[in-house]
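The following exercises concern confidence, burial and internal space in one protein chain. Please work through each task before reading its solution.

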Amino acid sequence: MRRYGKNPDEDDIRVRPNRKGNRPRTNIRPKHEDAADAMVLTVDRGRLTCLVEDRVVMAMKARELGRKAAVVGDQVALVGDLSGKKDTLARIVRIEKRTSVLRRTADDDDPYERVVVANADQLAIVTALADPEPRPRLIDRCLVAAYDAGLEPLLILTKADLAPPDTLLKAYGALGVPYAVTSREELAGGEAAARVKELLDGHVTAFVGHSGVGKTTLVNALVPEERRRSTGHVNAVTGRGRHTTTSALALPLTDSEGWVIDTPGVRSFGLHHVDPSRVIHAFPDLEPGTEGCPRACSHDEQDCALDSWVADGHADPARLYSLRRLLATRERREGD
């Protein structure tokens, strides 16, 4: 069998022709220094809606980016047709470094992380006071995800016309989390939207919440010219809402420097990606009490100093219960 070296010079060597007539592949990638800066507004089946200056441009990810995916909130670089005209398509050739990434998993057993939004600096946790009933454990999970991602949390309570907010506000009062309480009447009149907008001004805020809590209705009140289908229904048996937002969408606030990112309603917020030792950071009212804990304390054992900390009146016992329930869920993979 005839073998050839790396650089054979025999005349009878057969060279396979390049039928396509294109240039051979190279590992050198273009720098695209003339690419335009853009922000990803929404993603739908491989097509990304981006904002370039004051134009909305449809784009797709360039093959050279490989498996790297752009998400809502990403700052990207575009080349190609940037006119924004119908049936035109640009290419995303670069995803800029992110300042923050909000992640979640489907549940605590799922190792696959889902990036919710990028480059947000505030997380608005929206929960209804009734219809459906509040889910404090989901609120705690969102707080953990916010602190872990470096986002400032914000609590927005809706449907105050159906139930008072006092109990829920008392449970989270020690956290010092900014909050706003809204009702349907106030949303219709604009008073509630004005209060909430003050907390959002100058921020990129991601909205998360259980299905049916009125999250998209609130976003529509904040950005009325971008009305979205928001009328959902709550199952009278399960207390769960019907999804009315199917994809995340970034919207500029009216008469403000802020942005809101409306996300689909969640039924769970898995924390597989969060180290259990960092969960305590979501409970700043309890964290000082851990100074007396033994080394590598799980905060759910006999010698944990948090028991005496709470017994001395430094924190609400319900908060310690919430922490331990969350840690048990996170460490033993129990259902929420």
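Helices (H or I, at least four residues) and strands (E, at least two) are DSSP runs, numbered from the N terminus. Residues are numbered from 1 along each chain as its sequence is written. The model is predicted, with local features needing pLDDT of at least 70 and side-chain atom pairs counting only at pLDDT 80 or more, while totals for chains, interfaces and linings use all residues; side-chain values use heavy atoms, without hydrogens and water.

**Exercise 1.** Locate Glu64 and state whether Glu64 is buried, partly exposed or exposed.

*Solution.* Step 1: Glu64 sits in the loop between strand E3 (55-61) and strand E4 (75-80). Step 2: buried means under 20% relative accessible area, exposed over 50%, and partly exposed in between (1.4 Å probe, protein chains only). Step 3: Glu64 has 32% relative accessibility and therefore counts as partly exposed. Step 4: Arg94, 30 residues away in sequence, lies 9.2 Å from Glu64, C-alpha to C-alpha.

**Exercise 2.** Explain why helix H5 is described as largely enclosed.

*Solution.* Step 1: the buried residues of H5 are Lys215, Thr216, Leu218, Val219, Asn220 and Leu222. Step 2: because six of the eight residues of H5 (residues 215-222) are buried, the helix is largely enclosed by the rest of the structure.

**Exercise 3.** Describe the largest cavity and its lining.

*Solution.* Step 1: on a 1 Å grid over the protein atoms alone, a cavity is a set of points where a 1.4 Å probe fits but cannot get out, and lining residues have an atom within 4 Å of a point. Grid points are joined across faces, edges and corners, and a volume is the space filled by probe spheres set on the points. Step 2: the largest cavity has a volume of about 80 Å³. Of its 14 lining residues, Val126, Thr127, Leu138, Ile139 and His210 are the closest to its centre. Step 3: strand E8 (122-128), helix H1 (136-149) and strand E11 (204-209) each supply at least two lining residues, and E8 gives the largest share, four residues.

**Exercise 4.** Assess the confidence of the model.

*Solution.* Step 1: pLDDT is the predictor's confidence in each residue, from 0 to 100. Step 2: the protein averages a pLDDT of 83, and 82% of the residues score at least 70. Step 3: over residues 227-244 the pLDDT is below 50, although this stretch has 39 contacts (heavy atoms within 4.5 Å) in the model beyond near neighbours in sequence.

Key: On a 1 Å grid over the protein atoms alone, a cavity is a set of points where a 1.4 Å probe fits but cannot get out, and a pocket is an open set with protein on both sides within 12 Å along at least five of seven lines; lining residues have an atom within 4 Å of a point.
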